[in-house]
Protein chains: 2
Amino acid sequence: MKIALLGFGTVGGGVWELLQGNPDWDIAWVLTRRTRPELGSRAVFTMEPILADPEVELVVEVLGGIRPAFDYVAAALQAGKHVVTANKALMAAHYDELTALARQNGVALRCTGAVGGGIPFLTALERVRRLDRVRSVSGIVNGTTNYILDRMTREGSGFDAVLADAQALGYAEADPSADLDGLDVRRKLVLMANVAFGVSLREEEIPMAGIRGVTAEDIAAFRQAGLVCRMLATASREEGGVSAVAEPALVPDSAPEAAVPLNCNRITVTGERLGEQAFFGQGAGRYPTAMNVLQDCMDIASGCRSFYTERALPCPVDNDTLRRPYYVRTGDEKPFAGLIAGRLGPGFVTRPMAVPELHRRIPGCRFTAAVDNAFFAQHFA
Amino acid sequence: MKIALLGFGTVGGGVWELLQGNPDWDIAWVLTRRTRPELGSRAVFTMEPILADPEVELVVEVLGGIRPAFDYVAAALQAGKHVVTANKALMAAHYDELTALARQNGVALRCTGAVGGGIPFLTALERVRRLDRVRSVSGIVNGTTNYILDRMTREGSGFDAVLADAQALGYAEADPSADLDGLDVRRKLVLMANVAFGVSLREEEIPMAGIRGVTAEDIAAFRQAGLVCRMLATASREEGGVSAVAEPALVPDSAPEAAVPLNCNRITVTGERLGEQAFFGQGAGRYPTAMNVLQDCMDIASGCRSFYTERALPCPVDNDTLRRPYYVRTGDEKPFAGLIAGRLGPGFVTRPMAVPELHRRIPGCRFTAAVDNAFFAQHFA
């Protein structure tokens, strides 16, 4: 199959490398921002030659960012070309338009690499949905925050030191905001929930909290209580619609999530009849992500002509029915008057409260994390 | 698609139930051992009507056991019908003949439900192999032994009491030998390794040890040392060919395998470029296994016309290059003279030894388990 590659960075270079010597695939064009002598006449700086080449059946977009990726992907779909992307920011922001464009043009749109890097979660979810109704999706979908939390937990190190290590190792970007503050997790959660439930959530409606405020003292208190802190994406069917939150959570140290080391990911789908099924692996990186991109390409070459779901029904995020206890550390406990169930290290644990009640109060807090219900029942109820 | 169902037990009943009201599938015949009035004229007691019906494109075999399942499956393949089976005993014992028959007749043969129950491990492995070279496969593939080991570890209970519970709950059979002694694990390991490496291992060549001898005292000593006992299937590419063992192993209590609760399974594939990817879920049970069976059927309906691999090269099991330290409890330590690195609870830990060296000595031992290398290096080296 003749394809075009948009982007020649970490993932794009991985795609290029993995296809070298493969007679089934011909990368006819590579759209790059700067000159790449090694690409010869394949290198282009605009979409025109790609859109004008009727032999290009599939466009791989690994530029990242929303612009110009959106324009390129939309143009490719409108030109009747299949699209594979690993771009979660793009897919979360323009889910409706892009899935609709693919449907209208009868082409495939796949983005498996956008959730979980090398973990084939979206394709697994599509298969589960053939036979079962999904109750919930959840998990660790951000390697940067897991690396920081895991090393802080295992070594007792401080946040800043571990973040500096993560940056030196390339696990965190120079500006790590999207990872630390929950934006990256929220984007992946939009895609997971949309595919799981056949809906279309608005990114901005999903409450989000990050890990920037967590300290070695918090982590030491969690450890002593038998708890481990993890950054989690969680979405479930609730009475009012779909509940979805991206926030740190304290899980028992025997929980599978507690055993996810360093920058790995672990994502769970719970089906009504299937029960829990979880997928563990590299959540980022050159080869793992490039492999998910290429698996999508191979699925399209084998005849896949669709997105993961037929439907993308607009659906409000409704977290009102979901109540959780929270760990909170704050300089001003007044907003929590009457809500405190007990102390835990330098903070306190609240009575179970509706998610929006806590998230309204987060701006005044230094660090917050949802607390495992069974732990709460045992120690605070 | 018109199909025939061989067997109407736990999994067969699940397949029947999941297809009720589904217009894409017509279960034309059900081969049962006893009269099933609810099946009406669909019920048959021999293969003849099924083989004689040219409209039946696919045969689902969920009888279990090797005979008569082998004859039925072979006849179906020879009649040009696709076969889906969840029968690990059959597939491990007749791997070569059945995969060759499928190839010769140009039909699909799939057995995803035979490894990991509801976990789509074999289909995931097939996808990994499209882009990467597999280094190893390993994991917890037997729910019965994991249920026993997990409850013994968490509660400090004795083996007999937990086995009795497992039997009462239907997690263990009245004769639990195949599970407790490692036969079930070994069969699944044959399938995992064969698909992973494109080989055909002989079941009888794979060394195997079970958990029947483990006591509460062993488990207490492991816990105190920060270790958790799990029954593991392990296969890897080694210089001499393929190494494969089915035996209990002691892993650090922070390892992902230690966090696998009750009767769940967790199976890992390690690819040269992909790194580690693991799959967690229900390893048995009516709906999970029936779902994997139906996923296979749906893949065939979508055009899949093959087994998971093209090749099944005969390959000796070679464990000589693999050296592991072992925990051993035995009434006669003489055969281990010069091999003991130190004491651990009621037993001792050996210096790293080649797998066959240990397995030759197992008949005189009460309980043995491979010991995590990093733990050994830290405490005994």
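Helices (H or I, at least four residues) and strands (E, at least two) are, throughout this text, DSSP runs numbered from the N terminus. Residues are numbered from 1 along each chain as its sequence is written, while chains are lettered from A and ligands numbered from 1 in the order in which they are written. The model is a predicted one, in which local features need pLDDT of at least 70 and side-chain atom pairs count only at pLDDT 80 or more, whereas totals for chains, interfaces and linings use all residues.

With that vocabulary, the loop between strand 4 (58-61) and helix 3 (69-78) of chain A can be located, and A:Pro68 is found in it. The peptide bond that joins A:Arg67 and A:Pro68 is cis, with omega about 5 degrees. In chain B, the bond from B:Arg67 to B:Pro68 is likewise cis, with omega near 5 degrees, and B:Pro68 is found in the loop between strand 4 (58-61) and helix 3 (69-78) of that chain.

How the two chains are related comes next. Two copies of a chain are related by a rotation about an axis and a shift along it. Here a turn of 180 degrees and a shift of 0.0 Å along the axis lay chain A on chain B with an RMSD of 0.0 Å, the superposition being by least squares on the C-alpha atoms of residues with pLDDT of at least 70 in both copies. The two copies are thus related as by a two-fold rotation axis. In chain A, the C-alpha nearest this axis belongs to A:Phe279, at 2.4 Å from it.

Contact between residues means that their C-beta atoms, placed from the backbone, lie within 7 Å. In these terms, 31 residues of chain A are in contact with 31 residues of chain B. The elements giving two or more residues to the side of chain A that touches chain B are helix 6 (121-131), strand 12 (275-282) and helix 12 (286-301) of chain A, and the largest share, eight residues, comes from strand 12 of chain A. The residues of this side divide into 18 nonpolar, eight polar and five charged, where Ala, Val, Leu, Ile, Met, Phe, Trp, Tyr, Cys and Pro count as nonpolar, Asp, Glu, Lys and Arg as charged, and the others, Gly among them, as polar.

Strand 12 also links the chains through pairing, for which DSSP must find at least two bridges between two strands. Three bridges join strand 12 of chain A to strand 12 (residues 275-282) of chain B, and the two strands run antiparallel. Within this pairing, A:Phe279 stands opposite B:Phe279.

Within chain B, six strands form an open sheet in the order 3-2-1-4-5-6, with parallel pairing. Strand 3 (43-44) and strand 6 (109-110) of chain B stand at the edges with a single partner strand each, so one side of each is left without a neighbour in the sheet. Strand 1 (residues 2-6) and strand 2 (residues 26-31) of chain B run parallel and are joined by five bridges, with B:Ala4 standing opposite B:Trp29.

Burial is judged by counting the other C-beta atoms within 10 Å of a residue's own, placed from the backbone: 20 or more make it buried, 12 or fewer exposed, and a count in between partly exposed. In helix 11 (residues 216-224) of chain B, the residues B:Asp218, B:Ile219 and B:Phe222 are buried. They cover an arc of only 95 degrees around the axis, which puts them on the same side of the helix; the arc is that of the directions from the helix axis to the C-beta atoms. Among the elements that the buried residues of helix 11 of chain B pack against are helix 7 (143-155) and strand 9 (227-238) of chain B. Just after helix 11, B:Gly226 takes a positive phi of about 80 degrees.

Two loop residues offer a contrast. B:Ala284, in the loop between strand 12 and helix 12 (286-301) of chain B, counts as buried with 22 C-beta neighbours inside 10 Å, and B:Gly117, B:Gly143, B:Asn263 and B:Thr289 are what it touches, not counting residues up to four places away in sequence. A:Gly156, in the loop between helix 7 (143-155) and helix 8 (159-168) of chain A, is exposed, with 11 other C-beta atoms within 10 Å.

Definitions and conventions
Two residues are in contact if their C-beta atoms, placed from the backbone, lie within 7 Å.
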